[in-house]
Amino acid sequence: MLKQIEGSRAVAEAVALCRPEVICAYPISPQTHIVEALGEMVKEGALTDCEYINVESEFAAMSVAIGASAAGARSYTATASQGLLFMVEAVYNAAGLGLPIVMTVANRAIGAPINIWNDHSDSLSQRDCGWIQLFAETNQEALDLHIQAFKLAEELSMPVMVCMDGFILTHAYERVDMPTQAQVDAYLPPYEPRQVLDPNEPVSIGAMVGPEAFTEVRYLAHAKQMQALERIPQLAAEFGSVFARDSGGLLRTYLTEDAETIVIAMGSVLGTIKDTVDAMRLPENGGHSIGVLGITSYRPFPLAAVAAALKHCKRFVVLEKSLAVGIGGIVATDVRMAVTGMGLKGFTVVAGLGGRAITVKSLTALFEKATREALDPVTFLDLDWKAVNKQLEREKARRRSGPVAEALLRDVGVVGARNY
Amino acid sequence: MSFQPVKFYQTGTFTVGNRLLAPEERSVQASAKRFNSINSGHRACQGCGEALGARYAIDAAMEASDGQLVAANATGCLEVFSTPYPETSWQIPWIHSLFGNTAAVATGIAAAIKVKRKKGEQEHDVRVVAQGGDGGTTDIGFGCLSGMFERNDDVLYICYDNQGYMNTGVQRSSATPPAARTATTMAVGPEPGNVFGQGKFLPAIALAHDIPYVATATVADLRDLEAKVRRAMEIRGARYIHILVPCPLGWGTASQETIHMARLAKETGIFPVFEAEHGEIRSVLPIRRQQPVEEYLKPQKRYAHLFGKQPNVAVIARLQAMADRNIKRYGLLGQGER
Amino acid sequence: MDKPFAITLDPGSSLANRTGSWRTTRPVYVDRLPPCNATCPAGENIQGWLFHAESGDYENAWRSLTANNPLPAIMGRVCYHPCEGACNRQNIDAAVGINSVERFLGDEAIRRGWQFDAPAPSTGKRVLVVGAGPAGLSAAYHLRRLGHQVAIFEAAEQAGGMMRYGIPKYRLPRDVLDAEIRRLVDYGIELRLETKVSDLRQVMAEQGFDACFLGVGAHLAKRAYIPAGDANKVLDAVSVLHDMEEETAPMLGRRVVVYGGGNTAMDVARTAKRLGAEEAIIVYRRTRDKMPAHDFEVEEALQEGISIKWLSTIKEAGEADIMVEKMVLDENGLPQPTGEFERIEADSVVLALGQDADLSLLENVPGLVVDHGLIQVDAGMMTGHPGIFAGGDMAGSERTVTVAIGHGKKAARAIDAWLRGERYVAPPKHELATFERMNPWYYSDAPKTVRPVLDIIRRQSTFEEVLGGLDEHNALFEARRCMSCGNCFECDNCYGVCPDNAVIKLGPGKRFAFNYDYCKGCGMCAAECPCGAIKVVPEEN
């Protein structure tokens, strides 16, 4: 059914359709509307057979989900940024134990300095923990991916993170097509655990594993994600047949077949990029040979599919809302691994950190440079060089130069991104 | 001639069992058919109080729940010595997640069971027990514990208090008593051992949460411990039992002295044994034959620096004052002997 | 469940880890010798029969008791209970009232007519027992029980020895005495009363006895030289007490003086009181702490109004009084005359100065050694003449019924072996169950039950039993105060306190076993065993 609702609300309704049995709620911007909506649904009886627990921290949220999942219940929680980091020990634990928890990460920057706006640093900081990470491009895809996530997680016994851009997607009112309960039930069967705490068949879960078997356990986790590489497209196809739309999968190409330059990105920015690319391809704008590759499954990383998508291009630009301090790009590094030996020229662009707006204007200038291969290996889009240099001078001049953020704010004059 | 009712069965109610008592009047541990929830082959040290306390408590909980019990366990001695791959000594469904989240994991299990029961997918009244050491409970697990208490989740949390992070080599926790030597409060310098004026007594904190049931116990009083577990299992909601379990290695006592040490802790007033419901203390296990704290301190090498040629009379007096305060505060001298 | 590799494990898989390899010491179950057993002159397995009594199994308790001692109802009244003096429980509150429980069992047996266990098959041997006192009765009983044919020759009109002719009725009612003797006769022991043996060798040869046990006692009163105007006034305790069994009681008068400080002196003085004497005065040459009489006898006597004149000797006995000389103890504790005299009114003087054995029947027997009036015997109670054994007052200076019973048993065993051409060798004794080896915490607080005591008036005027017995509730209570020193009583402590579940419970009556596959040797079982029945020994390897 078509609805014009907030992205958070859409996700909440989709999660509710998946018949979760235990939901853990702890507030953090920008996911809070999701758990608020779910809480309301449980309390008024719209969502039945579900325990909604207000936990005391994100660490508790993931821990409660672990206990619930181990006891055979379909479990869900949502978080972002600081909250994700606070629960990291438990995040690794859930993956290590193989518990099919589904969690929404409303992508947000990580402090310090504290920043509540969108970038991908939070979920990407957890890229190695063993969770599957799926990035939604639109609100529709966000709600669809949750439905696919439960199925995927429970089949593989592996937890899944569904990542959606904080504020940009979560707080945007868009038209979405909400499935029916019957459709979801047809797609998603009840949870059949691979292991469960059951007095009729007692087991000890969470043993200490030493050097003699640890590597094997970790390999098996890796092997499972390799399995996921096959399963994700299949699930997307199955989804398509039930829900009659294209959602999910490993990646999505846009006008890449003849493109010499391909821009690679994840999440909502793909919309802006596609608009930019559409314009640039027009003859009156230069008729650039440029296409877009959107990665949906970040973990497992679709090395083969990425390589295939870039087979015929000459160069690529990885535009990411993340930074690997001390080296450069995070996603870019993964992409480079995919295209090893293909002789392509690659450029990393770090953009939109802390919620800074990525404009068509900036992108157009950027991509034009890229087509001419006139970009530096690593570019910080729209960086205020004046402010940066001023700070560097300041630090050279005085030892007690004070907190960096405060100094820059004084120079820049506003806090955070301006939307224009 | 006065008539003495024949309830003094030679060893009364102090021993584990008694051939003269009807089987149902004996302890759970006396039964040849006890569950042995944690079985032989575990790697606990000789004379480990925690291994004993765990079996006592979990067997009693299994008995009370008719074998329908799930346990969550914190990282620590109990977890490590009971489940080194490929062996586990647990006979019950059991999960170890992390160090600080056991109360939360238990909350999750209880929630799952509740839903399954509501849906008719679980026919048994499965109960949940969470267990952890003092480190995992009073320090790193404090937040999750308080959250579980505050929500009144249907979990019985059992803390095995050996007064330190024993598994990692005897480091100080907030349950380590003053003057005790640990690896991070060494017996050197002007104030050897753990400092005075720190530490927390978690049972009192549990009381402040007004949860349905709080009790303390020791491994020296098996029947009292079993009765408390039984009582706790009759109640729904957040419950907490804090059991003193001496650690021969960490306390520096002989392996056969474990129960004796626990007994002395109670008899000196150092460790008050009581039972409370909804924040009100209902009963106290009275001191039977009061002892001065020296009797308790002397056999422990972690207090060795207080003795020797020049005993540290001042510190011992402070410890005695703490014991006396407990006796007064909790009324530990009660009605006398049973 | 298709479990994930390594993370999830099957229950109980730790049993593959045999932690027994950690041990440097191991616990073993032992049976230690309780001090009561160790001290009992009759060699009773007190802890053993208390064990049965505790569960209310009185008949088995009595059978266990009578395996060693055939006269429990008597013992429960006259024994001085050294067992209670040694009882470990006195370190907690008070000794267990073993004596009271023994009496209860004895009385119960009489009440219910229990008979001894069947004797062993007949050996074809005949043994003569001379004297139907406690030593002789005990020897006869054990010999019969071992399958021999036994005949007791008793010179007096009735059997019992000093139990009848020395111990007053108020301590040992005669119906009790008769009942226990009758049971022995019913057991198949031939009892010939008024049959004095003058020539032992002749009797043995003529009547075909293969061995002999002598228990003739010591009933010849020692005399002291006291000039007396009227010889009839000076009597001896032995004959006075003996004559108490006659139809008419002896006439002692209104004021009776008893000379001597032993239990017999107490018995005579208290008897005199009961016979109507207004005053019974004991004259003793030393002080109370030097008196050989048991303290409780002195206490009871004083309660009954007997007065004691300390540090006094009798110089002469006049018509209606006696003259006593005051004594003083020298540096060696020996009484010395002071030259100060005093006259005390007295209608009769009874001498209680000790007794000698009548050994005239042994005149023709070679090889015997007599020393200080006592016949010398070896560890097996055999005299210098092979085949002739002796016990009781004639063979030892510790003269009590209990000791005599013990002698009788020892002799019977030795005779039994001797008749087979062997030598009885007692099995080596177990380690003593001392109090330090126990963990007394586990015993409930249970103060000793006090036996009812007859009130003073009745004590002074009748021969009713002074010290009553316990009823069943109290006997049971008292039996259950026993701590079972050194002997497992299945309290389940070891089974419960082992952190490694390494104790196997074998079932009621079968105790426990250690599972050495898993026992780490921590020793908690031994530390928490209330009765000290577990010992920790070094591991061999």
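The following questions and answers walk through selected features of this predicted model.

Reader: Before we start, what mean pLDDT does chain C have?
Author: Happy to begin there! Local features here need pLDDT of at least 70 and side-chain atom pairs count only at pLDDT 80 or more, while totals for chains, interfaces and linings use all residues of this predicted model; side-chain values use heavy atoms, with hydrogens and water left out. Residues are numbered from 1 along each chain as its sequence is written, and chains are lettered from A and ligands numbered from 1 in the order in which they are written. With pLDDT being the predictor's confidence in each residue, from 0 to 100, 99% of the residues of chain C reach 70 or more, and the mean is 91.

Reader: Which residue makes a polar contact with the side chain of A:Glu137?
Author: A:Glu137 sits in the loop between β6 (132–135) and α7 (139–156) of chain A, where helices (H or I, at least four residues) and strands (E, at least two) are DSSP runs numbered from the N terminus. Its relative accessibility is 13%, so A:Glu137 counts as buried (buried is under 20% relative accessible area, exposed over 50%, partly exposed in between, with a 1.4 Å probe and protein chains only). A polar contact is a pair of N or O atoms within 3.5 Å; within protein, one must be able to donate a hydrogen and the other to accept it, and residues adjacent in sequence count only if both atoms are side-chain atoms. At 2.9 Å, the side chain that A:Glu137 meets in this way belongs to A:Lys274.

Reader: How many residues apart are A:Asp165 and A:Lys321, which meet in a salt bridge?
Author: This salt bridge (a side-chain nitrogen of Lys or Arg within 4 Å of a carboxyl oxygen of Asp or Glu) has an N to O distance of 3.7 Å. A:Asp165 lies in strand β7 (residues 160–165) and A:Lys321 in the loop between β14 (315–320) and α12 (331–338), so the pair links distant parts of chain A. Both partners are buried, A:Asp165 with a relative accessible area of 1% and A:Lys321 at 6%. Along the chain, their separation is 156 residues.

Reader: Is C:Arg288, which forms a salt bridge with C:Glu299, buried or partly exposed?
Author: The closest N and O atoms of C:Arg288 and C:Glu299 are 3.0 Å apart. C:Arg288 is in the loop between β10 (279–283) and α13 (295–303) of chain C and C:Glu299 is in helix α13, so the pair ties together parts eleven residues apart in sequence. C:Glu299 has a relative accessible area of 33%. For C:Arg288 the value is 30%, which means partly exposed.

Reader: What is the omega of the cis peptide bond that joins A:Arg299 and A:Pro300?
Author: Most peptide bonds are trans, so a cis one is worth a look. A:Pro300 is in the loop between β13 (297–299) and α11 (303–309) of chain A. Another cis bond runs from B:Tyr85 to B:Pro86, with omega near 5°. For the bond between A:Arg299 and A:Pro300, omega is about 0°.

Reader: And what is the phi of A:Ala244?
Author: A:Ala244 is found in the loop between α9 (214–243) and β10 (251–254) of chain A. At 67% relative accessibility, A:Ala244 counts as exposed. Its phi is positive although the residue is not glycine, with a value near 60°.
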